[in-house]
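Good morning, everyone, and thank you for making the time. Please take a moment with the sequence and the structure on the screen, and then I will walk you through a few parts of them.

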Amino acid sequence: MNTVRENSRYGDSMRELLESALARRTAILGADTDAVRLVDGEGDSLPNICLETFAGRWLLSSSSDRVPPALGEWLRDRNVAVYAKRLDMHAKESPAWICGARCDEPFLICENGLKFEISFQSGYSQGIFLDQRDNRSELRRMVGSGKKVLNTFAYTGAFSVAAAAAGAETTTLDLSQPYLDWAKRNFLHNDLDPQAHHYCKGDTFHWLSRFAKQGRKFDGIVLDPPTFSRDKDGRVFRVEENFGELVALAEKVLAPDGWILCCTNFRQMTPREFEKQLLSSLSRNYAVKHAPMPADFTGEKYLKSVWLRS
């Protein structure tokens, strides 16, 4: 009997924490933004529970394969589509359906008035990284008509869309042709002509060197690489060892008075250590600004974002 009462109190406590977390996101959600992090683990006193909404469809992320009964009951009571995935960067499987209506087709979310295609059947990542929302908004404020923006490691091109929406001419660079095709669809979803922009398939280091030889210059460059990768030739990239080389190559194609956004979610490096690596690799002086994570990310501040302005 005591166990039953304890489980009931635990369930009530979890419900209160979940409802409180949702209430704190009310100011962020609105007509122009319907994709945010609703629950952010320790930041909302709910360890190992991350919950995001994508236009009313919820994605639960946890390092556990098991959904706590109290959480599962609360999710079913919400009467929304819920999918779940295990937090494991080595995993490739798509999120699994938990409850509510199934969502078997791609759909659109809205972020600061821009539309992006999302898919719960696309594998580990669903089409956009919500922790970059404020950086995309800042980029839109910084660029204008006629500016040239290079988006490397572009994934589905969210930064490119943000820049193009502000009038910039963009170059979207990624290893994956399916992601480049996804980026083009994101342009179309926002009534932007994908043919007015450029796309490069391949390795960022290769293309930066090629752009330098061609004499191409960009007013803004986005560098947001994976923490670890290996190219087709076996070359290894590690943020803690090779980001300096990456930003040095980017500097060679940066126009005067341009900017570079450098991002990493490598947790074993402090923001100041990241800044030191960047500045020690550059040939001229830059104004440095560290950007905070969006307000809905209340837990670990894992994402380090450094804006460099020449």
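Before we start, one term: when I say polar contact, I mean a pair of N or O atoms within 3.5 Å, where, within protein, one of the two must be able to donate a hydrogen and the other to accept it. Please also keep in mind throughout that what you see is a predicted model.

With that term in hand, let us go to Gln-132, which lies in the loop between β7, residues 114-118, and α3, residues 133-142. The side chain of Gln-132 makes a polar contact with the side chain of Asn-135, at 2.7 Å. Is Gln-132 buried or exposed? Its relative accessible area is 2%, and since buried means under 20%, Gln-132 counts as buried. If we leave aside its neighbours within four places in sequence, Gln-132 is in contact with Phe-159, Asp-224, Cys-263, Leu-303 and Ser-305.

Let me now step back to the chain as a whole. It holds 8 helices and 16 strands, and its radius of gyration is 21 Å, close to the 19 Å that the globule rule gives for 310 residues, so the chain is as compact as a globular protein of that length. Along its principal axes, the C-alpha trace spans about 75 × 40 × 40 Å. Of the 310 residues, 50% count as buried, and the accessible surface comes to about 14800 Å², with 49% of it belonging to carbon and sulfur atoms. Among the contacts in the chain with a separation of 6 or more, 59% are made by residues 24 or more positions apart.

Next, the sheet that I would like you to find on the screen. Here 5 strands form an open sheet with mixed pairing, in the order β1-β2-β3-β4-β5. β1, residues 35-40, and β5, residues 96-99, stand at the edges with a single partner strand each, so one side of each is left without a neighbour in the sheet. On average, and ignoring direction, neighbouring strands of this sheet are turned by 25° against each other. β1 and β2, the latter covering residues 50-54, run antiparallel and are joined by 5 bridges, and in this pair Arg-37 stands opposite Glu-52 in β2. Helix α2, residues 69-78, lies across β2, β3, β4 and β5, and runs at about 170° to β3.

The loop between β1 and β2 deserves a pause, as Gly-41 lies there and Ser-45 is found there too. Gly-41 is buried, with a relative accessible area of 7%, whereas Ser-45, at 47% relative accessibility, counts as partly exposed. Leaving aside neighbours within four places in sequence, the residues in contact with Gly-41 are Leu-46, Pro-47, Asn-48, Ile-49 and Cys-50.

Finally, a word on backbone angles. Most residues other than glycine have a negative phi. Which value, then, does Ser-45 take for phi? The angle is near 60°, a positive value in a residue other than glycine. Asp-257 likewise has a positive phi, near 65°; this residue is found in strand β14, residues 254-264, and at 68% relative accessibility Asp-257 counts as exposed.

That is where I will stop, and I am happy to go back to any part of the picture.

Conventions. Residues numbered from 1 in each chain as written. Predicted model: local features only at pLDDT ≥ 70, side-chain atom pairs only at ≥ 80, totals over all residues. Heavy atoms only, no water. Pairing = 2+ DSSP bridges. Helix = DSSP H or I, 4+ residues; strand = E, 2+ residues; numbered from the N terminus. Axes fitted to C-alpha atoms, helices over the stretch in contact; angles between N-to-C directions. Contact = heavy atoms within 4.5 Å. Rg over C-alpha atoms; globule rule 2.2 N^0.38 Å. Buried < 20%, exposed > 50% of the residue type's maximum accessible area, 1.4 Å probe, protein only. Areas by Shrake-Rupley, 256 points an atom, 1.4 Å probe, with all protein chains shown as cover.
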